[in-house]
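Let's take a friendly walk through this model, from one strand pair to the sheet around it and then to the main pocket.

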Amino acid sequence: MYEFGCKCKKTMGATVILSLILVLFGCQNKEDTSSPVDEPHVDDSEELIVSVFDNEGKSSVVEINAEKHVENELVNNEEVWLHASLSGNKQYLAYTSAKGDGPWEIYLLDRNNKKTSQVTNDTLGQLIPRFGDEEGKTIYSEIIGPAYPVSKIAKIDVQKKNSIVFDTKQPDRAVEMYDTSKDKIIGAFVSEEENIARRMAANDAGVPLGQIVYSIYEMNLDGADMNLVTNIKAVNIDSMAYGANGNSVILGGENINEDEGSGIYQLSLTDKTLTTLLTDQMIKKSKNPLLSEIGQRRLAVLSKNERFIYFSGIPKNAADVSFDGIISKIQCIYKYDLDNKEITKVYEYKKPAFITDMTVTY
């Protein structure tokens, strides 16, 4: 569950890990000093959209073509942590940000004319924007607010600026993470009552958070035909990303089923099997690893040819860094070759930074 007060995001769910202080998005009165960056965009291959928060307390959104080693900074100088995604035609960037004391709202950058417009303007907090069509006319988000105290998925018409909230007849079913494809939505859902109870129990006992059952549902883009795919036990499911063909989903999470620690998995939507791709334990056992562990948000996406996993990770021997008062380690983007099992670093932000979101547009 998300609660919005000033510019803070507090969670009783697992989208953001409390112990890593990812619940904090800054509580000061901030002026809007953000700006789109005038850069050419690459439009002929898959693009990674990476949101970062640097050691100067600023957030940016960067477009990365990992194969061509091309990067474009699309948004910078934001005062709060960001989530962002790119439309299928690669013209529009949707991102969520908070201005002043207001809640998170959705903003849309038109990369052709370099203009940014505000899409939503209500009391709902908007997080994790994802497009629902190639042209950027429909955006989805994870919302919370007085009318919806449990996190839900909303569908927003960009032109009309109205929205529809899904799954409202299930007041205890909270969405923790989701993604969209060309014709479907996939989400990881938990019982909000059970989620709050396990967090209170762990806090009272002073022990690590225990597992909960995540129910993975897939539905149509209008929220209809919500079908259970599988149930997964986990401490957290932090990221979900459809592959290019929509037949599988990449999951990032902590203590998935019998595994310990962070891991990246592939869920087949045809035979419902969950395959382990990469875990912290696998990294530690590898020869001369470049990184110490998977990044705390366990962000991961699949390449278009399905050979590579792009994921956030913490470099080996990385030192602690202060990020606007938050002590953490820098994160980079790595590529894991599913054929030869090799890991290479593909991107590091120009300043010490950690990664708050990563999406892919094919």
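In this predicted model, strands β20 (residues 248–254) and β21 (residues 262–268) run antiparallel and are joined by seven bridges. L251 has Y265 of β21 as its bridge partner. Strands here are DSSP runs of E, at least two residues long, and helices are runs of H or I of at least four, numbered from the N terminus; strands pair if DSSP finds at least two bridges between them.

The pair belongs to an open sheet of four strands, ordered β19-β20-β21-β22 with antiparallel pairing. β19 (236–242) and β22 (274–279) each have a single partner strand, so one side of each lacks a neighbour in the sheet.

β19 also appears among the elements that give two or more residues to the lining of the largest pocket. That pocket holds about 670 Å³ of space, and T180, S181, K182, V360 and Y362 lie nearest its centre. Its 37 lining residues divide as follows:

| Lining class | Residues |
|---|---|
| Nonpolar (Ala, Val, Leu, Ile, Met, Phe, Trp, Tyr, Cys, Pro) | 13 residues |
| Polar (the others, Gly among them) | 12 residues |
| Charged (Asp, Glu, Lys, Arg) | 12 residues |

A pocket is an open set of points on a 1 Å grid over the protein atoms alone, where a 1.4 Å probe fits, with protein on both sides within 12 Å along at least five of seven lines; lining residues have an atom within 4 Å of a point. The volume is the space filled by probe spheres set on the points, which are joined across faces, edges and corners.

Overall, the protein chain has two helices and 30 strands.

Residues are numbered from 1 along each chain as its sequence is written, and side-chain values use heavy atoms, without hydrogens and water. Local features need pLDDT of at least 70 and side-chain atom pairs 80 or more, while totals for chains, interfaces and linings use all residues.
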